[in-house]
Amino acid sequence: MNDQGLSQEQADELNAIFGLGRAGKKKRRVYLWESVLQAHEMGMYQIIPITSSWALRHEGRVMNHCVGSYEKLCRDGYIRAFSIRDLHGNRVATMSLMFQDDDWHLEQIKGYSNAEVCISEEVYYDGEQTQTLIEMTDLHYVAYEVLRCYRKAWEND
């Protein structure tokens with residue numbers, strides 16, 4: 001945290017939005033779009049809508065996956081992306097919703113480097129044979145609750 005109460009990541013994000021810092025780098029145009037679902041807490045998670053091209057690219061870099069390449073789809077209204085963080089602000093996953101067939105659908109939810117975060121798989125030997133226990137994680141349910149909330153907010157918008 002700096003003197004203004006911002007983390008370095010938040011300060012870097014604001015500097016990038018306002019074109020401050022890092023002289024010599026090629027400046028990219030920053031596009032903005034709306035999300036009908038605002039940032040909020042859901043259980044043990046913070047759901048943060050990603051509503052700018054800079055934030056989208058930053059999420060992709062930090063989480064080491066391709067969400068940063070979704071800019072045009074987000075600008076055109078076909079994709080809405082969300083950063084899912086723990087209550088301390090640490091990134092846990094990124095999810096995206098896709099508008100298709102006149103409704104919003106869960107496109108994907110991935111952890112760092114596209115790690116699977118919705119399904120937990122445990123393999124064990126029960127004394128007679130190898131068993132595989134597959135369970136949905138809490139992030140699976142969070143993703144579908146975000147989808148439900150987004151659909152409701154979109155219908156009421």
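Which residues form a nonpolar patch on the surface? Ile119, Ile134, Met136 and Tyr141 do, with about 400 Å² of accessible area together. Patches are made of residues with over 30% relative accessible area and no salt bridge; like charges are joined within 9 Å, nonpolar side chains (Val, Leu, Ile, Met, Phe, Trp, Tyr) within 5 Å. A salt bridge here is a side-chain nitrogen of Lys or Arg within 4 Å of a carboxyl oxygen of Asp or Glu. Accessible areas come from the Shrake-Rupley method with a 1.4 Å probe, and for residues only the protein chains shown count as cover.

Before going on, please note that this is a predicted model, in which local features need pLDDT of at least 70 and side-chain atom pairs count only at pLDDT 80 or more, while totals for chains, interfaces and linings use all residues. Residues are numbered from 1 along each chain as its sequence is written, and side-chain values use heavy atoms, with hydrogens and water left out.

## The whole chain

The protein chain has four helices and seven strands. Helices (H or I, at least four residues) and strands (E, at least two) are DSSP runs, numbered from the N terminus. Along the sequence, the pattern reads α-β-β-α-α-β-β-β-β-β-α. Of the 157 residues, 34% count as buried; buried means under 20% relative accessible area, exposed over 50%, and partly exposed in between (1.4 Å probe, protein chains only). The protein chain exposes about 10,100 Å², and carbon and sulfur atoms supply 48% of that area. Among contacts with a separation of 6 or more, 50% come from residues 24 or more positions apart. Contact means heavy atoms within 4.5 Å.

## The sheet and its helices

Five strands make an open sheet in the order S1-S2-S3-S4-S5, with antiparallel pairing. Strand S1 (40–42) and S5 stand at the edges with a single partner strand each, so one side of each is left without a neighbour in the sheet. Neighbouring strands are turned by 30° against each other on average, direction ignored. Two strands count as paired if DSSP finds at least two bridges between them.

S1 and S2 pair in the antiparallel sense over three bridges, and strand S2 (residues 45–50) pairs with strand S3 (residues 79–86) over six bridges, also antiparallel. Gln46 takes part on both sides: Glu41 stands opposite Gln46 in S2, and the bridge partner of Gln46 in S3 is Arg85.

Two helices pack on this sheet. Helix H2 (residues 53–63) touches S2, S3, S4 and S5, and its direction makes about 130° with that of S4. Helix H4 (residues 138–156) touches S1, S2, S3, S4 and S5, and its direction makes about 150° with that of S5. For these angles, axes are lines fitted to C-alpha atoms, for helices over the stretch in contact, and angles run from 0 to 180 degrees between N-to-C directions.

## A covered strand and a covered helix

S2 is mostly covered, with five of its six residues buried. Ile50 is found in this strand and is buried, with a relative accessible area of 5%. Leaving aside neighbours within four places in sequence, Ile50 is in contact with Trp33, Ala55, Leu56, Glu59, Ala81, Phe82 and Ser83. Ile50 and Thr94 are 44 residues apart in sequence and 9.7 Å apart in space, C-alpha to C-alpha.

Why is H2 largely enclosed by the rest of the structure? Nine of the 11 residues of H2 are buried; among them are Trp54, Leu56, His58 and Met63.

## Positive phi values

Several residues have a positive phi.

| Residue | Phi | Place |
|---|---|---|
| Gly43 | near 65° | hairpin of S1 and S2, two residues between the strands |
| Asn64 | about 55° | just after H2 |
| Asp101 | near 55° | residue other than glycine |
| Ser113 | about 55° | not a glycine |

Asp101 is found in the loop between strand S4 (91–100) and strand S5 (103–110) and is exposed, with a relative accessible area of 70%. Ser113 is in the loop between S5 and strand S6 (119–125) and is partly exposed, at 36% relative accessible area.

S6 also leads back to the patch: Ile119 is in this strand, partly exposed with a relative accessible area of 38%.
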